[in-house]
Amino acid sequence: MAMSELPPLIIMDIFSRLPITTILQCKCVCKTWFNIISDPYFIKLHHARAPVSLILRASGNFFSRWYVLALEGWDKHDSFVPLKQLPREISHLGETLQFETWCNGLLCISAFSPKNPVTNYVLNVITGEYMRLPKPKPKSEGFKRTIRGFGFSQATKRYKVIQEIYEDRRPLPTHQHHHTSQLEVYTLGTENWRNIGDLPSPFAKPDYQKNSCAFLNGALHWLVQPYNDSTFICHFDIENEQLKTFPGPPVQYFSQVEEMNLGVSGGFLYLSENHLTSCSVEIWVMKDYGIKKSWTKEFVISNTQWYFAPVQILNYGLKTKMEAIEGSELVYVLHDFSLNAYNARGYNEHQLGVRGISTSYSMYPYVPSLVSLKEAVIGESSQVLSA
């Protein structure tokens, strides 16, 4: 049977299992395939099956070079080849580009230039589309803003960027970072940021909070300063824009935790704790979302030299622990610049390399998608540019 004789749903199923670079090539073959690959159902199907990749920023003499790094076959190789380089137009949005967060394959970045204040962008590195976010209303001197999350409302199909606005104060004697905070929300395609009020609990100290924003089940999850043994995670519903506390794992001694990181891998919320005294990293996984008792200590990486580095897991899933026992490995990013693997059966870890890039680099977990930024915004899609 010829490919053209297959039902569209069968073709979608086949295409959705291909590497994204192959899909982009197929999109150029004929109008029929172009329409199939552009279909919203296919885009959603592909993203649900797409393997975890990395956004990698290689430092250069002038402008940073950004890549999408494929992790397919991570259990068969000890190094990976860059998959796609960002278009020049995106790489030159600012002298320095800083990764902030991502949602459904769309990235939120900050661009810094000597003569201009920070500018925020949302972009899809696969399609080459990008848009500049509006400048927030100015505050009095001494206030700062930090992007805290990026989420999607399944009910309204709208994307929202969340940032914190705060006035810095001197650290407390306990070394906690103390400031009064408010949250601002921007819905892609609208004209202005909206202030939605105060944050009940301050965000965790900067070391804990670095890249520690987890989007799952329509909500953002943040680490906040703990005030008892179990309440140190904040839940923000993207649809109704409401904050509430969220159950965390039973962390016993916060004073002995050097680093913490909250993330999502394989559809599960996880928390990594780096313990200073034991030079170990404990990884907790919430097996049943929202149920405190379902937090399970899945991995303990002992005697690691990376006990001071935040851990971002790439490949946890329903079968990961079973596969790890059989000899496969848990892959994770350490401190944004080291890609490591841990073998649960052999209780050892080793560092993975990146072929083709000799300069220093930083990396961030990311799942690529074909989501069109023009369809993601509300209102005028003329705000979206193409590289």
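A polar contact is a pair of N or O atoms within 3.5 Å, and the exercises below apply this and related ideas to a predicted model.

**Exercise 1.** Find which side-chain atom makes a polar contact at the start of α4, and state which backbone atom it reaches.

*Solution.* Begin at D39, where a side-chain oxygen comes to within 2.7 Å of the backbone nitrogen of Y41. Next, compare this value with the cut-off of 3.5 Å for a pair of N or O atoms; the pair at the start of α4, lying within 2.7 Å, meets that distance limit.

**Exercise 2.** Identify the buried residues of helix α4, and then the elements against which they pack.

*Solution.* Helix α4 covers residues 40-49, and its buried residues are F42, I43, L45, H46 and H47. Following these buried residues outward, one finds that they pack against α1 (8-15), α2 (20-27), α3 (31-38) and also the strand β5 (96-103).

**Exercise 3.** Describe the open sheet that contains β13, and explain why one side of β13 and of β16 has no neighbour in the sheet.

*Solution.* First, write down the order of the 4 strands, which is β13-β14-β15-β16, with antiparallel pairing. Because β13 (213-216) and β16 (243-246) stand at the edges with a single partner strand each, one side of each is left without a neighbour in the sheet. From one strand to the next, the twist averages 30 degrees. Finally, look at the pairing of β13 with β14 (residues 219-223), where 4 bridges join the two antiparallel strands, and where L216 stands opposite A219 of β14.

Key. Residues are numbered from 1 along each chain as its sequence is written. This is a predicted model: local features need pLDDT of at least 70, side-chain atom pairs count only at pLDDT 80 or more; totals for chains, interfaces and linings use all residues. Side-chain values use heavy atoms; hydrogens and water are left out. Buried means under 20% relative accessible area, exposed over 50%, partly exposed in between (1.4 Å probe, protein chains only). Contact means heavy atoms within 4.5 Å. A polar contact is a pair of N or O atoms within 3.5 Å; within protein, one must be able to donate a hydrogen and the other to accept it, and residues adjacent in sequence count only if both atoms are side-chain atoms. Two strands pair if DSSP finds at least two bridges between them. Axes are lines fitted to C-alpha atoms, for helices over the stretch in contact, and angles run from 0 to 180 degrees between N-to-C directions.
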